[in-house]
Amino acid sequence: MEPVEMETVEVLQCSLPAKYNEPVDVTIEEGEKLELKVPAATNIWHREFTDGRREYVERPSEYLEVSNVWRGGDMGSEHSLIKVEVGEDGTLTMPEVTSEDSAQYYTYYFMQGMHHYEYFNVKIGN
């Protein structure tokens with residue numbers, strides 16, 4: 001077998017600029033509706049608890065078996081029954097929250113040629 005000559009290809013990496021916005025503090029009472037909005041559409045929200053646990057929720061699509069619930073664990077295999085919705089405009093809505101929903105919520109979206117990261121420190125109750 002004759003040796004094969006390999007062609008070298010240069011791979012260009014492209015990274016877009018990103019803006020990380022300062023966290024916004026949000027305090028609401030238990031049982032109230034939580035609604036978080038950002039200036040442009042997004043299809044995923046994340047939340048991180050003080051114990052390091054992380055969850056995410058995605059807007060429904062034809063590719064998802066599970067949507068509009070908080071997911072966590074390995075590859076999102078664990079999911080809760082907590083009602084949550086990501087609207088077409090990217091708004092995160094939870095109709096009724098408890099103190100267990102206190103966490104840092106965050107998302108990202110693309111606007112004006114760059115990625116924007118928005119953070120919300122959500123405290124439920126006193």
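Let's start with two strands. β8 and β9 run antiparallel, and two bridges join them; β9 covers residues 92-94. Take one contact point between them. Val-86 has Leu-92 in β9 as its bridge partner. Keep in mind that this is a predicted model.

Now widen the view. β8 and β9 belong to an open sheet of three strands, in the order β3-β9-β8, with antiparallel pairing. Which strands stand at the edges? They are β3, residues 34-36, and β8, residues 85-86. Each has a single partner strand, so one side of each is left without a neighbour in the sheet.

Stay with β9 for a moment. Thr-93 sits in this strand. Is Thr-93 buried or exposed? Its relative accessibility is 17%, and buried means under 20%, so Thr-93 counts as buried. What does Thr-93 touch, beyond its neighbours within four places in sequence? On the one hand, Lys-33, Leu-34 and Glu-35. On the other, Lys-83, Val-84 and Glu-85.

Next, the whole protein. How many helices and strands are there? Zero helices, 11 strands. Reading from the N terminus, every element in the run is β. The protein has 126 residues, and 35% of them are buried. Look at contacts with a separation of 6 or more. Of those, 58% are between residues 24 or more positions apart. As for the surface, the protein exposes about 9,000 Å². Carbon and sulfur atoms supply 49% of that area.

On to the inside. The largest nonpolar core has 21 residues. Which members touch the most other members? Leu-34, Leu-36, Trp-45, Leu-92 and Tyr-105. Several strands feed this core. β2 (24-28), β3, β9, β10 and β11 each supply at least two of its residues. We have already met Leu-92, as the bridge partner of Val-86.

Now the rings. The structure holds five aromatic pairs. One of them joins Trp-70 and Tyr-105, and that pair is edge-to-face. The centres are 5.8 Å apart, with 70 degrees between the planes. Where are these two residues in the chain? Trp-70 lies in the loop between β5 (54-58) and β6 (71-72). Tyr-105 lies in strand β10, residues 103-111. They are 35 residues apart, and the pair links distant parts of the chain. Trp-70 is buried, at 0% relative accessible area. Tyr-105 is buried as well, with a value of 0%.

A second pair is Tyr-108 with Tyr-117. This one is tilted: 5.6 Å between the centres, 45 degrees between the planes. Here the exposure is higher than the buried cut-off of 20%. Tyr-108 counts as partly exposed, at 33% relative accessibility. Tyr-117 is partly exposed too, at 22%. Ring pairs also bring in Tyr-20, so that Tyr-20, Tyr-108 and Tyr-117 make up a cluster.

Two arginines deserve a look here. Arg-47 has its charged end over the ring of Trp-70, 4.2 Å from the ring centre. Arg-53 does this with Phe-49: its charged end sits over that ring, 4.0 Å from the centre.

Next, a hairpin. β4, residues 44-48, pairs with β5 in the antiparallel sense, over five bridges. One bridge partner to find is Tyr-56 in β5, which faces His-46 as its partner. Five residues lie between the two strands of the hairpin. In that turn, Gly-52 has a positive phi of about 95 degrees.

Another positive phi turns up later in the chain. Gln-112 has a phi near 55 degrees, and Gln-112 is not a glycine. Where is Gln-112? In the loop between β10 and β11, with β11 spanning 114-124. Gln-112 counts as exposed, at 71% relative accessibility.

Last stop: Glu-32. Glu-32 sits in the loop between β2 and β3. Glu-32 is partly exposed, with a relative accessible area of 38%. Which residues does Glu-32 touch, not counting those up to four places away in sequence? Met-94, Pro-95, Glu-96 and Val-97. Thr-98 is 66 residues from Glu-32 along the chain, yet their C-alpha atoms are separated by 8.3 Å.

Notes. Residues numbered from 1 in each chain as written. Predicted model: local features only at pLDDT ≥ 70, side-chain atom pairs only at ≥ 80, totals over all residues. Heavy atoms only, no water. Pairing = 2+ DSSP bridges. Helix = DSSP H or I, 4+ residues; strand = E, 2+ residues; numbered from the N terminus. Buried < 20%, exposed > 50% of the residue type's maximum accessible area, 1.4 Å probe, protein only. Contact = heavy atoms within 4.5 Å. Phe/Tyr/Trp six-rings, centres within 6.5 Å; stacked < 30°, edge-to-face > 60°. Lys NZ or Arg CZ within 6 Å of the ring centre and 35° of its normal. Areas by Shrake-Rupley, 256 points an atom, 1.4 Å probe, with all protein chains shown as cover. Core = buried A, V, L, I, M, F, W, Y, C linked by side-chain atoms within 4.5 Å.
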